[in-house]
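This report describes the strands, the helices packed on them, the ligand site and some backbone details. The sequence and structure come before the description.

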Amino acid sequence: MNAEVSKLQQMIRNAENIVFFGGAGVSTRSGIPDFRSAHGLYRQAQGKSYEEMLSIGYFENDPDGFWRFYRDVMLYPDAQPNGAHLALAALEKQGKCKAVVTQNIDGLHQAAGSKNVLELHGSVHRNHCMRCGTFFPLDALLKGEKAPRCQCGGLIKPDVVLYGECLEEEVLEKAVKAIQQCDLLIVGGTSLVVHPAAGLISYRSASAKMALLNRDETPYDDTADLVVREDIASTLEQAVQQA
Ligand code: CNA
């Protein structure tokens, strides 16, 4: 174990109220590409930007085009939790991790066993008819060339916060409260450039420590007590196993 991972292990040992704040990099080892790293989806984009394709404006103007793109690049129904998700679930079981605040929409923290997961950007697993409110599980929507429609004829929309939409107030408030109360904020797998989500890490108290586990540099590296630029799954697996 290198010196940084062993420092993280010590920080976890000393902490009583840990909150994890994460993003797409937490799930890359599960086979779900992120947006902004070297092999991320942004680099593969052609024509329209991903922000445009995943915006509420595009969904409303061309729901068929939106769903074609969304099915193609955002849905990974066979993905399984990796070591990072499992380590965080283990930390919750130990009573140390009080909340996972995630920008991810893949449901893998819950699949790993975490119970208190605050999904800032929603989830691909929840979908509703925009006319009558009927719920649809992901499985029912995976196939097709067109936007899925409810029996009532209404358009189905994933409960995912699209670019141009506001974050859900209640989730945001719970996330802020959890971060304000923690004594160790572990931030990882996020480029910290998508707002307002990224700004939430600034709500930690002055006495709380922050560990930032991200392969690439972020705008907040200077404000962290520890920065580990390695794979988050192996970092957390090592640090939590022996904490
Ligand atoms: P991002 O902007 O793509 O940044 C990801 C960061 O993770 C990059 O800085 C990488 O360096 C880092 N990273 C990638 N793999 C690893 C790894 N194995 N270990 C350590 N670091 C790694 O993603 P953000 O989450 O910051 O951006 C927010 C967007 C991306 C949210 O709106 C998400 O909904 C959206 N997104 C979610 C998923 C998902 O749910 N799995 C996938 C792709 C995009």
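## Hairpin and antiparallel sheet

Strands E4 and E5, the latter spanning residues 135–136, pair in the antiparallel sense over 2 bridges. The model that shows this pairing is a predicted one. His-128 stands opposite Phe-135 of E5. The two strands, E4 and E5, make a hairpin with 5 residues between them. In the turn, Gly-133 has a positive phi of about 85°.

E4 (residues 122–129) also pairs with strand E6 (residues 156–160), in the antiparallel sense and over 5 bridges. Two bridge partners show the register of this pair: Cys-129 is matched with Ile-156 in E6, and Gly-122 is matched with Val-160 in E6. The result is an open sheet of 3 strands in the order E5-E4-E6, with antiparallel pairing. E5 and E6 are the edge strands, each pairing on one side only. Helix H5, residues 63–74, packs on this sheet and touches E4 and E6. The direction of H5 makes about 45° with that of E6.

## Parallel sheet

A second open sheet has 6 strands in the order E3-E2-E1-E7-E8-E9, and its pairing is parallel. Its edges are strand E3 (117–119) and strand E9 (226–228), each of which pairs on one side only. From one strand to the next, the twist averages 15°.

Within this sheet, strand E1 (residues 18–22) pairs with strand E2 (residues 97–102) in the parallel sense over 5 bridges. Phe-20 has Val-100 in E2 as its bridge partner. Side chains in a regular strand alternate between the two faces of the sheet.

## Helices on the parallel sheet

Helix H1, residues 3–14, packs on the sheet, where it touches E1, strand E7 (184–188), strand E8 (209–213) and E9. The direction of H1 makes about 130° with that of E9.

Helix H8, residues 169–181, also packs on the sheet and touches E1, E2, E3 and E7. For H8, the angle of about 130° is taken with the direction of E3. E1 and E7 are touched by H1 and also by H8.

## Ligand site

How many residues surround the ligand, and which are the closest? The shell has 27 residues, and the closest are Phe-35, Arg-36, Ser-191, Asp-216 and Asp-231. By class, the shell divides into 8 nonpolar, 12 polar and 7 charged residues.

Oxygen atoms of the ligand have N or O atoms of the protein at the following distances.

- Gln-103: 2.9 Å, from a backbone N or O atom.
- His-121: 2.8 Å, from an N or O atom in the side chain.
- Ser-191: 2.6 Å, from an N or O atom in the side chain.

On its own the ligand has 850 Å² of accessible area, and the protein covers 97% of this. Ser-191 thus appears twice in this account: among the closest residues of the shell, and with a side-chain atom 2.6 Å from a ligand oxygen.

## Backbone details in the E7–E8 loop

Most residues other than glycine have a negative phi, and most peptide bonds are trans. The loop between E7 and E8 holds Leu-192, whose phi is positive, near 55°, although this residue is not glycine.

Pro-196 is placed in the loop between E7 and E8 as well. The peptide bond that joins His-195 and Pro-196 is cis, with omega about 10°.

How values were computed:
Residues numbered from 1 in each chain as written. Predicted model: local features only at pLDDT ≥ 70, side-chain atom pairs only at ≥ 80, totals over all residues. Heavy atoms only, no water. Pairing = 2+ DSSP bridges. Helix = DSSP H or I, 4+ residues; strand = E, 2+ residues; numbered from the N terminus. Axes fitted to C-alpha atoms, helices over the stretch in contact; angles between N-to-C directions. Contact = heavy atoms within 4.5 Å. Near = heavy atom within 4 Å. Polar contact = N/O pair within 3.5 Å; in protein donor to acceptor, adjacent residues only side chain to side chain. Areas by Shrake-Rupley, 256 points an atom, 1.4 Å probe, with all protein chains shown as cover. Nonpolar A, V, L, I, M, F, W, Y, C, P; charged D, E, K, R; others polar.
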